[in-house]
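I opened this notebook to record what I looked up, entry by entry, beginning with the accessibility terms and going on to rings, strands and the pocket.

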Amino acid sequence: QWVEAGSGSVGKYYVEVIGCDGLPNLDFDVTGRNKSDPFVCLVYEDCIVNTDVINDCLSPRWMPWSQRAFVFNVMHPSSQIYIGIFDHDDFMGPTNQHDRIGRVVLNPTNFRPNTNYT
């Protein structure tokens, strides 16, 4: 199921989050069984979307039935896509934020039409 986001009318970018490998464990407990609970946040122009959270996994894979596929409606073709991966925390500390794991910025001006990138 593709989630549509954004208010642009110039075009569309299709982004599908498949997985991550070798994430650090940011959840620690005395048993050693608790692991990071990753989710991906994508920011593009006037919208923010998130994948589903995958509990206790350091190499998550988002299955086709999960929230992982997004269609961004483009206002400006040169706007960048910001992608961050976070460790979901039910009990956030004083900063009230999920733990940051990593990030990347995609510059669509480098994309070629009708091309799939993995």
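Entry on accessibility. I first wrote down the cut-offs I would need: a residue is buried under 20% relative accessible area, exposed over 50%, and partly exposed in between. The model is a predicted one, and I read every value below with that in mind. With a relative accessible area of 21%, F86 falls in the middle class and is therefore partly exposed. I then looked up F39, which has 7% relative accessibility and so counts as buried.

Entry on aromatic pairs. I looked up the ring pairs next and found that the count comes to six aromatic pairs. For F39 and F86 I noted ring centres 5.6 Å apart and planes at 25°; since planes under 30 degrees apart count as stacked, the pair is stacked. I also checked where the two partners sit: F39 belongs to strand β3, residues 38-44, and F86 to strand β6, so that the pair links distant parts of the chain, 47 residues apart. Separately, I recorded one aromatic cluster, formed by Y13, Y44, F72, F111 and Y117.

Entry on the sheet. I looked up an open sheet of three strands and wrote down its order as β1-β5-β2, with mixed pairing. Which strands stand at the edges? They are β1 (2-5) and β2 (11-16), and because each has a single partner strand, one side of each is left without a neighbour in the sheet. From one strand to the next, I noted, the twist averages 25°. I then followed β2 to its partner β5, residues 69-74, and found that the two run antiparallel and are joined by six bridges. Within this pairing, G11 stands opposite V74 in β5.

Entry on the largest pocket. I looked up the space in the largest pocket and recorded about 1000 Å³. The lining comprises 28 residues, of which Y14, V15, E16, L106 and Y117 are the closest to the centre of the pocket. I had already met Y117 as a member of the aromatic cluster. Which elements give two or more residues to the lining? I listed β2, β6 (81-87) and β7 (99-106), and noted that the largest share, five residues, comes from β2, a strand I had also placed at an edge of the sheet. Sorting the lining by class, I counted 17 nonpolar, seven polar and four charged residues.

Notes. Residues numbered from 1 in each chain as written. Predicted model: local features only at pLDDT ≥ 70, side-chain atom pairs only at ≥ 80, totals over all residues. Heavy atoms only, no water. Pairing = 2+ DSSP bridges. Helix = DSSP H or I, 4+ residues; strand = E, 2+ residues; numbered from the N terminus. Axes fitted to C-alpha atoms, helices over the stretch in contact; angles between N-to-C directions. 1 Å grid on protein atoms, 1.4 Å probe; cavity = no way out; pocket = protein on both sides within 12 Å on 5 of 7 lines; lining within 4 Å. Points joined across faces, edges and corners; volume = space filled by probe spheres on them. Nonpolar A, V, L, I, M, F, W, Y, C, P; charged D, E, K, R; others polar. Phe/Tyr/Trp six-rings, centres within 6.5 Å; stacked < 30°, edge-to-face > 60°. Buried < 20%, exposed > 50% of the residue type's maximum accessible area, 1.4 Å probe, protein only.
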